[in-house]
Amino acid sequence: MRKNPFDFGLLFLLPGLIGFVIFFIWPFTISLGYSFMDKPIDSVFVGFKNYMDLFKNESYLMSLRNTLIFMGICVPLNIVLSLLAAVMINKVSRYKEIFVLIFLIPLVIPSGSMIFFWKALFATDGYLNYILSLLSISEVNWLESEITRYVIVFIFIWKNLGYNIVLFVAGINNIPKLYYEAATVDGAGAVKSFFDITLSNLIPTFVLVTIMSIINSFKVFKEIYLLTGSYPHESIYMLQHFMNNMFYSLNYPKLTTATSILVLIITILSQALLKYERRKSV
Amino acid sequence: MRAKIFDIVIISILTLLSAIFLFPLLVTVTNSFMPSSEIITNYTSKLSIFDVLNGIAKKFINIKLLPGTLTASQYKEVLIDQPSYLLLMINSLKITVPVVIGNVLVSLLSAYGFTIWRWKYKEAVFLVYIIVMLMPLQAVLVPNYIVADMLGIKDSYLAIILPGIFSPFGTFLLRQTMKAVPYEYFEAAKMDGDNDFKILLNIIIPQMKSGLAALAMLVFIEYWNIVEQVVIFVKDYYKEPLSVFLSRISQDNISIVFAASCVYMFLPFYFLMIGQKNLEKGIELSGIK
């Protein structure tokens, strides 16, 4: 390792690095700067005023709360369900590849291709309410009520379960079979081996799955937006809606401040998770 | 015997779960072969005069898995009679293809650069890549818009394509893949007097074909399914990619929506079928280690 950064490695890196700085690092810095100004042109430095204002803004707080609640539900749910599915796939004697393939399919299907189906299923005059009416249950407003959050959780699980299954299946396969044999010799049952060996050896996978689930939980905004538009029911008014709407009203101080807070949260969260993983996996 | 029953039970559970997962897809595919009259009967809940006469007070959408009559008329409409769908798909290609090619190339060079760079602080630089990689799209959109505005490209696809090309995920993924190439290969080639470029071309690239395929697939899927950037940067309807347009299909167009959806999902679906192993490898490699 050298103190001087100039060698052929830098030469190969340079084209990508220049683009990375121009399209990400530089504008992030500008955006951070805007968050301390009153307006983008003829700006005056206002310190943390934008941040204070944002934390008093009703729709920002609502969108932040909804985003956190949504993550709080779907990240753990996705982890538990995909772990169960991965353990089952790992146990079956055949068709492993086919099952993994089936769970991966929703991941590659473009959101737009499925929107009409979801609407036909969840609309007030849709198929689900048709089934409810056959059972003489009164209809549910799936897309515009408190329930909508869970409809989106369902779509999230449908789309992202396969991603986590692949990671868990790989993680389980990496655990040496020897551990299980040793445990059996010691008289441990299937349940005890699952908790003592499978779960404890999967900790690095858990960290990774958590990070990816958080990232993917932001991506479900595509479905929310395509299904319910810019101003959905308030139970699924997300951070992304707030930012999009600030964007259209050209409210730069709010927008850049919201961006900076989001960047800060993600940085702290990912660093904490990575540190945790490094400590555990050594 | 007990093990066998256990096996059958698990397979049954997984099969049931698979059926639930495949149902939306299956409906979309089978319904794309329905005649438009059938689609309109099934997917509209407006009451006709006959319904009223028959005393029906409310109608629901009725999803039917199997068409009453099989016909390819929807596909004829989408692919031949209404060229607008193909034009919109070309829009999707215009965004996706440059991003895939550009990102794979840039990422390959950058990943190789990170591998052979010998600067003390290179891991700190790499950490910045990882942090940006973890940012949700919405956090990146504002910075993208600022740059696009300054470069005067905010009304063109370039505003979407350029950040896509330099997006850090590919660099990360390919660097992970490169770590799997044994270090002796580098040393042996150095001994033979090969320069760094030759090593990349003759030794590294052939070793990581599946990593490159995995990256190309993941980037393709992401940009084929583009929504957020389009909402911000594309203002004309005729410039939209199919992903956004399909969600806008109104009541007048429902008779062909399933065929249009199928045409749109065909490419990523095809890539999954031929490259399942590569995609799985790509997902596994996205592990941060």
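# A walk through chains A and B

Start by selecting chain A: of its 282 residues, 41% are buried. Keep in mind as you look around that this is a predicted model.

Switch to a cartoon view of chain A. You'll find 13 helices and zero strands, so to speak an unbroken run of α elements when read along the sequence: α-α-α-α-α-α-α-α-α-α-α-α-α. Now zoom out and turn the chain around. Along the principal axes, its C-alpha atoms fill a box of roughly 75 × 70 × 35 Å. The radius of gyration of chain A is 24 Å, while a compact globule of 282 residues would come out near 19 Å. As for the contacts in chain A with a separation of 6 or more, 70% of them join residues 24 or more positions apart.

**Stop one: Phe70(A).** Select Phe70(A), which sits in helix H3 of chain A. Is Phe70(A) buried or exposed? Its C-beta has 22 other C-beta atoms within 10 Å, and the cut-off for buried is 20 or more, so Phe70(A) counts as buried. Show what surrounds it: apart from neighbours within four places in sequence, Phe70(A) is in contact with Arg149(A) and Ser217(A). Then add Phe8(A) to the selection and draw a distance between the C-alpha atoms. Phe8(A) and Phe70(A) are 62 residues apart in sequence and 46 Å apart in space.

**Stop two: two loops.** Follow helix H3 (58-91) of chain A onwards, and in the loop before helix H4 (96-108) you'll meet Tyr95(A). Most residues other than glycine have a negative phi. Tyr95(A) is not a glycine, yet its phi is positive, at about 65°. With 15 C-beta neighbours inside 10 Å, Tyr95(A) is partly exposed.

Next, go to the loop between helix H6 (127-134) and H7 of chain A, where Ser136(A) is found. Here is another positive phi on a residue that isn't a glycine, this one about 55°. How many C-beta neighbours does Ser136(A) have inside 10 Å? The count is 6, and Ser136(A) is therefore classed as exposed.

**Stop three: helix H7 of chain A.** Select residues 148-173 of chain A to light up H7, a helix of 26 residues. From its first C-alpha to its last it reaches 37 Å, close to the 38 Å expected at 1.5 Å a residue. Look at it from the side and find Asn160(A), where H7(A) bends by about 45°.

**Stop four: where the chains touch.** Bring chain B into view. The contact between the chains takes 83 residues from chain A and 79 residues from chain B. Which element gives the most to chain B's side? Select residues 2-31 of chain B: this is helix H1, with 13 residues on the side that touches chain A. Colour that side of chain B by class and you get 55 nonpolar, 17 polar and seven charged residues.

**Last stop: the two domains of chain B.** Give residues 2-71 of chain B one colour for domain 1 and residues 77-285 another for domain 2, following the domain assignment. Taken over C-alpha atoms, the centres of the two domains are separated by 35 Å. Where they meet, eight residues of domain 1 are in contact with six residues of domain 2. On the domain 1 side, H1 and helix H2 (36-43) of chain B are the elements that give two or more residues. H2(B) has the largest share, four residues. By class, that side of domain 1 has four nonpolar, four polar and no charged residues.

Methods. Residues are numbered from 1 along each chain as its sequence is written. Chains are lettered from A and ligands numbered from 1 in the order in which they are written. This is a predicted model: local features need pLDDT of at least 70, side-chain atom pairs count only at pLDDT 80 or more; totals for chains, interfaces and linings use all residues. The expected span of a helix is 1.5 Å times one less than its number of residues. The bend at a residue is the angle between axes fitted to the seven residues ending there and the seven starting there. Two residues are in contact if their C-beta atoms, placed from the backbone, lie within 7 Å. Ala, Val, Leu, Ile, Met, Phe, Trp, Tyr, Cys and Pro count as nonpolar, Asp, Glu, Lys and Arg as charged, and the others, Gly among them, as polar. Domain bounds come from an automatic or database domain assignment. A residue is buried if 20 or more other C-beta atoms lie within 10 Å of its own, exposed if 12 or fewer, and partly exposed in between; C-beta atoms are placed from the backbone. The radius of gyration is taken over C-alpha atoms; the globule rule is 2.2 Å times the number of residues to the power 0.38.
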